[in-house]
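Me: Please take a close look at the interior of this model and at what is packed there. I would like one connected account, with the exterior brought in for contrast where it helps.

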Amino acid sequence: MKPEASTNPDAAVRILKVASCPSLSGKSTLTYHIGFSIDSQIQFRVHANTGNGFFSKEWISQSSIQLLLDKIPKGKVITSVSLISIFHGKSVNTSGFLLAVLKNEGLVQPLKDKRRSYELLDPKDFIAEVNALLESPVDLNTSNRSTASTPIKKLSPKSKPKKT
C-alpha cells in the first residue's frame, strides 16, 4: 500500500504543538504543527516557511510516515527522497521540510559519515510528549473545539501504526 498525504481537514485535527526549526539547508525557518486526529492518529504538517520554497500544508499521519520508513531496507539511510512518495504530485520541498521536522522532534538524526543521510531514533520521548499534550486541555486550533473532547487513546512507542 502506498502511503498518501492525509486529507484530514483542519477541523478534524486537534493541534497539540506549534514549533519552529531550521530547514535542512539552514536557509529558512519552518513553522510546523503536530496534531492528533479524531481517528487517533498523530499528524504532522509544515505550516510556514520563511524562505521562498513552495510546500504542501497537508496533514501527514505518523502511520503513513512509519509505513514508508518500514519499507526502507536495513542498512539503508533515510533521505528527503525517501519521503517523496507521501507527497505525490506536490512540491519536492515538502519531503525535505518534513524530514527537518522529524529531526527537530528527535525522531531522526543525521549520520556523521554520510551527507544528507539520516537514521531513525527511538520515538519514546516524542510519544511521551504527545501523550502529555493529549492529557492536557491544549488545543491550539481555535476553530477546532469539537475534537477537544475526543476520547484519548494513549500511545505507545511499540504500538503498530494504523495502515492508511
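Reply: Ala12 is placed in the segment before β1, which makes it a convenient point of entry to this predicted model. With a relative accessible area of 13%, Ala12 falls under the 20% limit and therefore counts as buried. In sequence Ala12 is 26 residues from Ile38, yet the C-alpha atoms of the two are 5.8 Å apart in space.

The overall layout provides the frame for what follows. Three helices and six strands make up the protein, and from the N terminus their order is β-β-β-β-α-α-β-β-α. Of the 164 residues, 43% are buried. Among contacts with a separation of 6 or more, 53% join residues 24 or more positions apart.

Nonpolar side chains tend to be buried together in soluble globular proteins. In this model the largest nonpolar core holds 33 residues, and Ile42, Phe44, Ile65, Leu83, Leu102 and Phe126 are the members that touch the most others. At least two core residues come from each of β1 (13-22), β2 (29-37), β3 (42-49), α1 (62-70), α2 (93-104) and α3 (124-135). The contribution of α2, six residues, is the greatest.

Two of those highly connected members also meet through their rings. A pair of aromatic rings is described by the distance of the centres and the angle of the planes. The whole structure contains two aromatic pairs, one of which joins Phe44 and Phe126 in a stacked arrangement, with 5.7 Å from centre to centre and 15° between the planes. Phe44 belongs to strand β3 and Phe126 to helix α3, so this pair ties together parts that lie 82 residues apart in sequence. Phe44 and Phe126 are buried.

Helix α1 deserves separate attention. Seven of its nine residues are buried, so α1 is largely enclosed by the rest of the structure. The buried residues are Gln62, Ser63, Ser64, Ile65, Leu67, Leu68 and Leu69, a list that includes polar side chains such as Gln62 and Ser63. Their packing partners are β3, β4 (60-61), α2, β6 (118-120) and α3. Ile65, named above among the core members with the most contacts to other members, is thus one of the buried residues of α1.

What charged pairs accompany this packing? The structure holds two salt bridges. In one, Glu105 pairs with Lys17, and the closest N and O atoms are 2.9 Å apart. Glu105 lies in the loop between α2 and β5, whereas Lys17 is part of strand β1, so the bridge ties together parts 88 residues apart in sequence. Glu105 counts as buried because its relative accessibility is 9%, and Lys17 is buried at a relative accessible area of 18%. Glu129 also forms a salt bridge with Lys17, at 3.0 Å between the closest N and O atoms. As Glu129 is in helix α3 and Lys17 in strand β1, this pair ties together parts that are 112 residues apart in sequence. Glu129 is partly exposed, with a relative accessible area of 31%. Through shared partners, Lys17, Glu105 and Glu129 are joined into one network of salt bridges.

Two loop residues call for a remark on the backbone. Most residues other than glycine have a negative phi. Ser40, in the loop between β2 and β3, has a positive phi near 60°, and this residue is buried at a relative accessible area of 18%. Arg116, in the loop between β5 (108-110) and β6, likewise has a positive phi near 60°, but at 59% relative accessibility Arg116 counts as exposed.

The exterior completes the picture. The accessible surface comes to about 9,100 Å², and carbon and sulfur atoms account for 54% of that area. Val81, Ile84 and Val92 form a nonpolar patch there, with about 280 Å² of accessible area together. Val81 is placed in the loop between α1 and α2 and counts as exposed at 57% relative accessibility.

Conventions: Residues numbered from 1 in each chain as written. Predicted model: local features only at pLDDT ≥ 70, side-chain atom pairs only at ≥ 80, totals over all residues. Heavy atoms only, no water. Core = buried A, V, L, I, M, F, W, Y, C linked by side-chain atoms within 4.5 Å. Buried < 20%, exposed > 50% of the residue type's maximum accessible area, 1.4 Å probe, protein only. Helix = DSSP H or I, 4+ residues; strand = E, 2+ residues; numbered from the N terminus. Phe/Tyr/Trp six-rings, centres within 6.5 Å; stacked < 30°, edge-to-face > 60°. Contact = heavy atoms within 4.5 Å. Areas by Shrake-Rupley, 256 points an atom, 1.4 Å probe, with all protein chains shown as cover. Patch = residues over 30% accessible without salt bridge, like charges linked within 9 Å, V, L, I, M, F, W, Y side chains within 5 Å. Salt bridge = Lys/Arg side-chain N within 4 Å of Asp/Glu carboxyl O.
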